[in-house]
Amino acid sequence: MRNRRASPAELSVRGRKSGEMQRIPVNPHTYEGAQYLVSARGHSQWVRNMRVAGGGELRVGRQVRAFTVTEITDPVQKADILRAYLEKWGWEVNRFFQGVTAKSSDAELRAAAGDHPVFRITVSG
């Protein structure tokens with residue numbers, strides 16, 4: 001059975017050029033007690049905006065939480081997070097990982113890590 005989320009999550013992040021809030025559906029992922037945003041589609045606009053803005057808002061159902069982010073850059077740490085992410089969301093995002101799956105080797109996941117930014121979320125307030 002597929003592991004689907006009950007309600008869609010939406011990321012809001014300020015556009016680095018427009019200054020306006022940009023919204024995009026996301027799959028927040030909890031790993032070892034922390035929550036992460038993984039960019040399955042690589043260095044997308046929301047990733048570039050997030051790097052400049054340093055945070056945003058996450059809406060799940062009616063709940064909206066402001067947060068800041070720390071980008072994870074260590075390939076070994078990212079590989080562990082990506083494996084767990086793919087175990088949960090692979091059914092939806094595998095096509096963006098060019099053959100890398102949750103069952104791929106550590107070396108394959110580390111090699112793919114550079115193409116998939118990962119941000120740890122810290123909820124504000």
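**Note on the predicted structure: salt bridges, strand pairing and helix packing**

1. The side chains of aspartate 106 and arginine 83 come together in a salt bridge, with 2.6 Å from N to O. This pair links distant parts of the chain, since aspartate 106 belongs to helix H3 (residues 106-113) and arginine 83 to helix H2 (residues 75-93), 23 residues apart. The two partners are not equally covered: aspartate 106 counts as partly exposed at 46% relative accessibility, whereas arginine 83 counts as buried at 19%, the limit for buried being under 20%. The reader should bear in mind that the model is a predicted one.

2. The helices that carry this pair also pack against each other. An angle of about 105° lies between H2 and H3, and their axes are 8 Å apart. H2 is therefore roughly perpendicular to H3, a description that applies to angles of 65 to 115 degrees. On the H2 side the contact is made by Pro75, Val76, Lys78, Ala79, Leu82, Arg83 and Leu86. On the H3 side, Asp106, Leu109, Arg110 and Ala113 take part. Both members of the salt bridge, Arg83 and Asp106, are thus included in the contact.

3. How many salt bridges does the model contain? The count comes to three. Another of them joins the side chains of arginine 23 and glutamate 10, at 3.5 Å from N to O. Arginine 23 lies in strand S2 and glutamate 10 in strand S1, so this salt bridge ties together parts that are 13 residues apart in sequence. Arginine 23 counts as exposed, at 62% relative accessibility, while glutamate 10 is partly exposed, with a relative accessible area of 24%.

4. A further salt bridge is formed by the side chains of glutamate 71 and arginine 51, at 2.8 Å from N to O. Here a strand is tied to a helix: glutamate 71 lies in strand S6 and arginine 51 in helix H1, so the parts brought together are 20 residues apart in sequence. Glutamate 71 is partly exposed at 27% relative accessible area, and arginine 51 counts as partly exposed at 38%.

5. Strand S1 (residues 9-14) has two pairing partners that deserve attention. With strand S2 (residues 21-26), S1 runs antiparallel and is joined by six bridges. In this pairing, glutamate 10 has proline 25 of S2 as its bridge partner. The hairpin of S1 and S2 has six residues between the strands, and glycine 19 takes a positive phi near 75° in that hairpin. With strand S5 (residues 55-60), S1 pairs in the antiparallel sense over four bridges, and serine 12 has glutamate 57 of S5 as its bridge partner.

6. Is leucine 11, a residue of strand S1, buried or exposed? Leucine 11 is buried, with a relative accessible area of 0%. Apart from neighbours within four places in sequence, leucine 11 is in contact with residues including Arg23, Ile24, Val26, Leu37, Trp46, Met50, Leu58 and Phe67. Threonine 122 is 111 residues from leucine 11 along the chain, and their C-alpha atoms are separated by 14 Å.

7. Helix H1 (residues 45-53) has Trp46, Val47, Asn49 and Met50 buried. These residues cover an arc of only 165° around the axis, which puts them on the same side of H1. The cover over the buried residues of H1 includes S1, S2, strand S4 (34-38), S5, strand S6 (63-72) and strand S7 (118-123). Just after H1, glycine 54 takes a positive phi of about 75°.

8. Strand S4 is mostly covered, with five of its five residues buried. In a regular strand, side chains alternate between the two faces of the sheet. In S4 both faces are covered: Ala34, Tyr36 and Val38 are buried on one side, and Gln35 and Leu37 on the other.

9. S4 pairs with strand S3 (residues 29-31) in the antiparallel sense over three bridges, and tyrosine 31 has alanine 34 of S4 as its bridge partner. S3 and S4 form a hairpin with two residues between them, in whose turn glutamate 32 has a positive phi of about 50°. S4 also pairs with S7 in the antiparallel sense, over four bridges. In that pairing, leucine 37 stands opposite phenylalanine 119 of S7.

Methods: Residues are numbered from 1 along each chain as its sequence is written. This is a predicted model: local features need pLDDT of at least 70, side-chain atom pairs count only at pLDDT 80 or more; totals for chains, interfaces and linings use all residues. Side-chain values use heavy atoms; hydrogens and water are left out. Two strands pair if DSSP finds at least two bridges between them. Buried means under 20% relative accessible area, exposed over 50%, partly exposed in between (1.4 Å probe, protein chains only). The arc is that of the directions from the helix axis to the C-beta atoms. Contact means heavy atoms within 4.5 Å. A salt bridge is a side-chain nitrogen of Lys or Arg within 4 Å of a carboxyl oxygen of Asp or Glu. Axes are lines fitted to C-alpha atoms, for helices over the stretch in contact, and angles run from 0 to 180 degrees between N-to-C directions. Angles under 35 degrees count as roughly parallel, over 145 as roughly antiparallel, 65 to 115 as roughly perpendicular and the rest as oblique.
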